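User: I want to learn how to read helix packing and burial. Where should I begin?

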Amino acid sequence: MCAHTSDRIKTKAAFMLSALCSSEPRASAELHRMGMVSMLVAIYKETEPCPSSEYVLSALLTLAKTNSEALKECCNSDLGLKEVLQARLKAMGNEERFMEESDLCVEFVGILERGQVDCSAER
């Protein structure tokens, strides 16, 4: 699973990002401009299900919900986020210890599916 120290640092950083995006809309735009979407996706892809992966996903979801450009980037098929989330859901199964992360995955897949429709309508 996750290394203890690395897991704690990822958890705290992701929690801080979520709180920042929720409380300050301008921060979401700046984080998006800094490339935070691709960074969080990369971290999520390399992290097995554990406490930090749940918080990383939560930070990414909050960023996507609070910034339309971040959502568009999450919808980009080159990023492969939807497939990663679906694979993670399958890997976690119905284990109770992963319920929060599973719920976030389901919510995010739904948002991505709606976002992909919205993004393709804009083209």
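The dialogue below takes helix pairs, then the nonpolar core, then single residues.

Analyst: One caution before we start. This is a predicted model.

User: How do I describe two packed helices?

Analyst: Two packed helices are described by the angle between their axes and the distance between the axes. Now take a pair. The axes of α1 (residues 4–23) and α4 (residues 51–66) come within 8 Å and cross at roughly 20°. Angles under 35 degrees count as roughly parallel, so α1 is roughly parallel to α4.

User: What is the handedness of the crossing of α1 and α4?

Analyst: That crossing is left-handed.

User: Which residues of α1 and α4 make the contact?

Analyst: From α1, the contributors are D7, K10, T11, A14, F15, L17, S18, C21 and S22. From α4, they are P51, S52, Y55, V56, S58, A59, T62, L63 and T66. Sorted by class, this contact holds nine nonpolar, seven polar and two charged residues.

User: How do the axes of α4 and α5 cross?

Analyst: Read the distance and the angle again. The α4 and α5 axes come within 5 Å, and the crossing is roughly 120°. The window for roughly perpendicular is 65 to 115, and roughly antiparallel needs over 145. The pair α4 and α5 is therefore oblique. Helix α4 contributes L60, L63, A64 and T66, while α5 contributes S68, A70, L71 and C74. The class count for α4 with α5 is six nonpolar, two polar and no charged residues.

User: Now the core. Which residues of the largest nonpolar core touch the most other members?

Analyst: The idea is to find the best-connected members of the set. The core has 31 residues, and V37, L60, C74, L81, L85 and F108 touch the most other members.

User: Which elements give two or more residues to this core?

Analyst: They are α1, α3 (36–46), α4, α5 (68–75), α6 (81–92) and α7 (99–122). Helix α4 gives the most, with seven residues.

User: Let me zoom in on L60. Is L60 buried or exposed?

Analyst: Look at the relative accessible area. Buried means under 20%. L60, in helix α4, has 1%, so L60 is buried. Next, list its contacts, skipping residues up to four places away in sequence. L60 touches V37, L40, V41, C74, L81 and F108. For a distance check, take L60 and G93. They are 33 residues apart along the chain, and their C-alpha atoms are separated by 21 Å.

User: What is C74 in contact with, leaving aside neighbours within four places in sequence?

Analyst: C74 contacts V37, L60, A64, L79, L81, F108 and L112.

User: Does the burial cut-off treat a polar residue alike? Take S102: what is its relative accessibility?

Analyst: Apply the cut-off in the usual way. S102 belongs to helix α7. Its relative accessibility is 6%, so S102 counts as buried. Beyond four places in sequence, S102 touches L89, M92 and G93.

User: And Q86: buried, partly exposed or exposed?

Analyst: Partly exposed is the range between under 20% and over 50%. Q86 lies in helix α6. With 37% relative accessibility, Q86 counts as partly exposed. Outside its neighbours within four places in sequence, Q86 is in contact with V109 and E113. Q86 and F108 are 22 residues apart along the chain, with their C-alpha atoms separated by 9.9 Å.

Technical notes. Residues are numbered from 1 along each chain as its sequence is written. This is a predicted model: local features need pLDDT of at least 70, side-chain atom pairs count only at pLDDT 80 or more; totals for chains, interfaces and linings use all residues. Side-chain values use heavy atoms; hydrogens and water are left out. Axes are lines fitted to C-alpha atoms, for helices over the stretch in contact, and angles run from 0 to 180 degrees between N-to-C directions. Helices (H or I, at least four residues) and strands (E, at least two) are DSSP runs, numbered from the N terminus. A crossing is left-handed if the near helix is turned anticlockwise from the far one by less than a right angle, and right-handed if clockwise. Contact means heavy atoms within 4.5 Å. Ala, Val, Leu, Ile, Met, Phe, Trp, Tyr, Cys and Pro count as nonpolar, Asp, Glu, Lys and Arg as charged, and the others, Gly among them, as polar. A nonpolar core is a set of buried Ala, Val, Leu, Ile, Met, Phe, Trp, Tyr and Cys residues joined through side-chain atoms within 4.5 Å. Buried means under 20% relative accessible area, exposed over 50%, partly exposed in between (1.4 Å probe, protein chains only).
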